[in-house]
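Biologist: I would like to learn how to read a model like this one, feature by feature. Could we take a single residue to begin with and work outwards?

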Amino acid sequence: MFTLEFMHTAFIASGLVAIICGLMGYFLLIRQEAFAGHALSHVGFAGATGASLFGISPFMGLLCFSVCAGGIIGAIGPKLKERDIAIGLVLSLSMGLGLLFLHFYTRYASQVTGLLFGNIFSVDNQTLYGLIILSVICLLAMALFMRPLLFASLQPDLAEAKGISLRWISILFLALIGGVTAACVQVTGILLTFSLMVGPAAVARYYGTTIWKGILLSIFLALMEAWGGIIIAWITDLPVSFWISCLSFLIYFFFVMFHKIIHKLF
């Protein structure tokens with residue numbers, strides 16, 4: 001298994017996705033925007049089907065739609081109550097557009113199915129290079145505005161009083177989440193993106209005693225789930241996305257159910 005070139009590519013691609021998912025997912029939960037992460041993955045469905053209709057790469061359509069939708073959601077509703085309404089409306093509109101595009105053009109239905117459920121073993125060098133660029137952009141962007149993002153997430157009223165624009169923070173962050181969602185598609189697919197982005201971060205919030213420990217634990221768990229899913233899928237000949245979602249659920253279930261015992265032991 002470890003001597004095959006496409007397996008090397010799969011491990012590298014899934015490792016990159018796990019790192020940015022672990023990082024961004026942690027902030028997603030701090031800001032109580034898990035619903036936004038779930039919605040943005042479905043918004044990408046409309047972009048992928050629309051791009052196929054016009055002969056453009058489905059991945060590019062997915063990326064553009066996800067990033068733009070993230071920005072729109074952030075612009076419409078910087079406050080929590082308003083944001084839920086905005087997310088619901090954008091999600092409904094995007095799903096409707098996705099069905100409309102599929103109605104007019106079904107030639108690439110199998111390709112769209114691949115986007116829905118992912119196929120990490122089909123990642124080629126061109127896709128890998130695109131993923132590396134996307135990962136570097138996300139990491140650089142987070143390094144630049146992590147401090148105001150943390151401030152606005154933990155103390156929004158105080159941050160606003162200090163002159164930090166909550167609306168722009170929300171727009172930039174959700175646009176980045178849209179980009180990360182697009183990157184996840186090759187590994188877990190659109191429908192299961194939620195598992196790799198939110199599952200490890202949810203456990204990390206339980207056990208991370210500081211922000212940095214929480215982020216590192218979230219990234220570590222995301223890596224273990226992504227690479228573990230690939231290895232088990234290779235052994236069992238079952239879909240990778242299925243195993244990643246199973247591992248995400250089982251790890252979350254185990255740590256949440258037995259957190260009192262684990263805290264006593266450690």
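Biologist: Is V185 buried or exposed, and in which helix does V185 lie?

Modeller: This is a predicted model, and burial is read from the relative accessible area, with under 20% counting as buried. V185 has a relative accessible area of 3% and is therefore buried, and its place is in helix α8. The C-alpha atom of V185 is separated by 9.4 Å from that of V17, although these positions lie 168 residues apart along the chain.

Biologist: What pattern does the protein chain follow along the sequence, and how many helices and strands does it have?

Modeller: The secondary structure comes to 11 helices and 0 strands, so the pattern along the sequence is simply α-α-α-α-α-α-α-α-α-α-α. Of the 266 residues, 50% count as buried, while the chain exposes about 13,100 Å², of which carbon and sulfur atoms supply 72%. Among contacts with a separation of 6 or more, 77% are between residues 24 or more positions apart.

Biologist: How many residues does the largest nonpolar core have, and which of them have the most contacts inside it?

Modeller: The largest nonpolar core has 67 residues, and F27, M142, F173, V180 and M197 are those with the most contacts inside it. At least two residues of this core come from each of α1, α2, α3, α4, α6, α8, α9 and α10, and the largest share, 17 residues, is supplied by α8. To follow one core residue outwards, take F173: leaving aside neighbours within four places in sequence, F173 is in contact with M24, F27, L28, R31, E33, F145 and L149.

Biologist: Why can the length of α1 be said to agree with what its residue count suggests?

Modeller: The check compares an expected span, built from 1.5 Å a residue, with the distance between the end C-alpha atoms. For α1, 26 residues should span 38 Å, and the end C-alpha atoms are 38 Å apart, which agrees. Because 20 of its 26 residues are buried, α1 is largely enclosed by the rest of the structure, and just after this helix Q32 takes a positive phi of about 55°. The 20 residues of α2 should span 28 Å, and its end C-alpha atoms are 30 Å apart, which again agrees. Helix α2 is mostly covered, with 16 of its 20 residues buried, and G55, just after α2, has a positive phi of about 75°.

Biologist: Where does D237 lie, and is D237 buried or exposed?

Modeller: D237 lies in the loop between α9 and α10, and at 70% relative accessibility it counts as exposed. Its phi is near 60°, a positive value in a residue other than glycine. V240, by contrast, is found in helix α10 and is buried, with a relative accessible area of 8%. Leaving aside neighbours within four places in sequence, V240 is in contact with I120, F121, G229, I230 and A233.

Biologist: How many aromatic pairs does a search of the whole structure find, and how is such a pair described?

Modeller: A pair of aromatic rings is described by the distance of the centres and the angle of the planes. The search finds 7 aromatic pairs. The rings of F6 and W234 have centres 6.3 Å apart and planes at 45°, so this pair is tilted. It links distant parts of the chain, since F6 is in helix α1 and W234 in helix α9, 228 residues apart. F6 is partly exposed at 36% relative accessibility, and W234 is also partly exposed, with a relative accessible area of 36%. F249 and F253 form a stacked pair, 5.9 Å centre to centre with 25° between the planes.

Biologist: How many residues apart are F249 and F253 in helix α10?

Modeller: An α-helix has 3.6 residues a turn, so residues three or four places apart point the same way. F249 and F253 are 4 residues apart in α10, about one turn of the helix. F249 counts as exposed at 51% relative accessibility, whereas F253, at 43%, counts as partly exposed.

Biologist: Which residues covered by a record's annotation can be compared with the helices?

Modeller: The unreviewed UniProt entry gives the annotation "transmembrane region" to several spans, including residues 6–28 and 126–145. In the model, residues 6–28 are 100% helix, with end C-alpha atoms 32 Å apart, and residues 126–145 are 100% helix, with end C-alpha atoms 29 Å apart.

Technical notes
Residues are numbered from 1 along each chain as its sequence is written. This is a predicted model: local features need pLDDT of at least 70, side-chain atom pairs count only at pLDDT 80 or more; totals for chains, interfaces and linings use all residues. Side-chain values use heavy atoms; hydrogens and water are left out. A nonpolar core is a set of buried Ala, Val, Leu, Ile, Met, Phe, Trp, Tyr and Cys residues joined through side-chain atoms within 4.5 Å. Buried means under 20% relative accessible area, exposed over 50%, partly exposed in between (1.4 Å probe, protein chains only). Contact means heavy atoms within 4.5 Å. Accessible areas come from the Shrake-Rupley method with a 1.4 Å probe; for residues, only the protein chains shown count as cover. The expected span of a helix is 1.5 Å times one less than its number of residues. UniProt positions are given in the numbering used here, feature names are shortened, and annotations may be inferred rather than shown by experiment. Rings of Phe, Tyr and Trp (its six-membered ring) pair if their centres lie within 6.5 Å; planes under 30 degrees apart count as stacked, over 60 as edge-to-face and the rest as tilted.
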